[in-house]
Amino acid sequence: MAATSDATLQARTRAALRDQGVAADGDLRVALAGASDALRERIGARPGTEQAAHDCRALLELTELREELAERSLQDRLRALTRIHDALGRLRALGSVTGLIERTPRVLAEACGFDRTVVFRVDGAVLRAESFHVAGDPERAQELLEFSRAHPAQLREQILEREMIRRRTAMVVRDAMNHPHTYKPLVRPYGTYAYVAAPVMPQGRVIGFLHADKGLQRPEDPDAVDELDRDALWAFAEGFGYALERMQLVERLRAQGEQVRRLMAQADTLVSEWVDARIELVAEPGEGLAASRAAAALLPEPARALERVLSRRELEVLALVASGATNGQIADRLVITEGTAKAHVKRILRKLGAGNRVEAATHYLRAMGPGPSDLRAMGPGPSA
């Protein structure tokens with residue numbers, strides 16, 4: 001119903017303009033303004049005549065048409081802003097910057113009624129395509145994306161985009177094929193006859209562009225887009241910039257949170273090890289050294305080699321592992337945290353080159369050989 005009403009209003013407007021001898025090929029509102037000014041001049045030149053009365057009726061009709069077009073334009077803008085608001089809400093719900101950039105062209109096209117949309121990134125002096133959408137033709141979209149990446153647009157030749165960077169504003173570009181300031185190495189392969197473009201600038205610095213056209217709905221039409229399309233794209237680009245900034249901040253905070261958690265876990269392990277080490281220092285240094293040397297002299301060669309690789313605490317943990325104790329049981333037996341026990345086991349596996357606890361236990365049992373030993377005495381015993 002809305003499309004039929006729009007078509008009817010445009011048909012009435014063109015008919016009224018033709019009655020005044022005015023071409024209606026471009027912006028109808030501009031044509032109506034020019035025709036109304038001409039009628040006013042004629043009425044003023046011949047007041048009170050029959051022709052002046054006819055011109056007054058014509059002027060009234062044109063004024064009513066201008067008001068209807070203005071009201072319809074306002075309604076279209078409000079509907080477009082509502083769709084853009086909803087579309088940006090869907091984009092903000094995505095979980096990553098990559099997903100946001102990949103989905104933006106399609107969401108933009110659906111929200112604003114475009115056929116082809118592309119996200120460009122400003123990379124020094126060039127524009128690099130990041131994602132592309134062609135309505136109903138994903139293969140064509142992939143082709144254009146690959147072509148764009150292989151032929152990045154040179155900003156020094158993109159005079160219109162340089163102007164947008166300078167002025168921080170969006171533009172509508174008509175008759176792009178013949179426009180003196182469009183970048184023909186991309187315009188011609190794309191088959192772009194008219195497009196709108198808007199800068200992405202979340203912090204006042206232009207970091208990219210959104211380009212869009214209606215080349216499938218109105219092929220080879222140099223006036224296929226208008227100021228309403230430009231304003232819709234501009235509003236979307238502003239919201240997209242804020243969504244991108246927020247998503248990058250969330251990702252950075254998430255990464256920093258992971259790093260803080262890793263550091264806290266490492267700190268907990270180190271503190272626990274330090275506490276455990278202080279608990280072990282119960283003998284005089286000389287007495288402990290003598291006892292260790294005496295015990296080592298009684299060990300078989302494989303066991304002494306194992307003792308050289310592992311610390312005394314790690315030997316205790318390994319003995320418990322060989323007895324089948326879990327990390328929780330090791331923690332209870334040695335009065336340490338389960339996290340510390342787990343860290344000890346990991347270090348033992350790494351030092352022994354063992355792939356799992358069973359391999360580590362095998363190393364231990366082979367080193368000890370048959371019969372009792374000092375290392376076996378460290379195990380949990382039958383009661384464990």
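In what order do the six strands form the open sheet? In this predicted model, the order is β3-β2-β1-β6-β5-β4, and the pairing is antiparallel. If you have the structure open, it helps to start at the two edges. β3 (153–154) and β4 (171–173) stand there, each with a single partner strand, so one side of each is left without a neighbour in the sheet.

Now let's move from the edges to the pair β1 and β6. Strand β1 covers residues 116–123 and strand β6 residues 208–213. The two run antiparallel and are joined by six bridges. For a handy landmark in this pair, look for Val119, which stands opposite Leu210 in β6.

The same two strands also meet a helix. Helix α4, residues 97–112, lies across β1, β6 and β2 (126–134). Relative to β2, helix α4 runs at about 55°.

Next, take a look at the space enclosed by the protein. The structure holds one cavity of 30 Å³ or more, and the largest cavity has a volume of about 210 Å³. Its lining is made up of 16 residues, and the closest to the cavity centre are Phe120, Tyr190, Thr192, Tyr195 and His211. Which elements give two or more residues to this lining? They are β1, β6 and α7 (184–190), with β1 giving the most, at four residues. So far as chemical character goes, the lining divides into nine nonpolar, four polar and three charged residues.

Strands β1 and β6 thus link the parts of this tour: they are joined by six bridges, helix α4 lies across them, and both give residues to the cavity lining.

Technical notes: Residues are numbered from 1 along each chain as its sequence is written. This is a predicted model: local features need pLDDT of at least 70, side-chain atom pairs count only at pLDDT 80 or more; totals for chains, interfaces and linings use all residues. Side-chain values use heavy atoms; hydrogens and water are left out. Two strands pair if DSSP finds at least two bridges between them. Contact means heavy atoms within 4.5 Å. Axes are lines fitted to C-alpha atoms, for helices over the stretch in contact, and angles run from 0 to 180 degrees between N-to-C directions. On a 1 Å grid over the protein atoms alone, a cavity is a set of points where a 1.4 Å probe fits but cannot get out, and a pocket is an open set with protein on both sides within 12 Å along at least five of seven lines; lining residues have an atom within 4 Å of a point. Grid points are joined across faces, edges and corners, and a volume is the space filled by probe spheres set on the points. Ala, Val, Leu, Ile, Met, Phe, Trp, Tyr, Cys and Pro count as nonpolar, Asp, Glu, Lys and Arg as charged, and the others, Gly among them, as polar.
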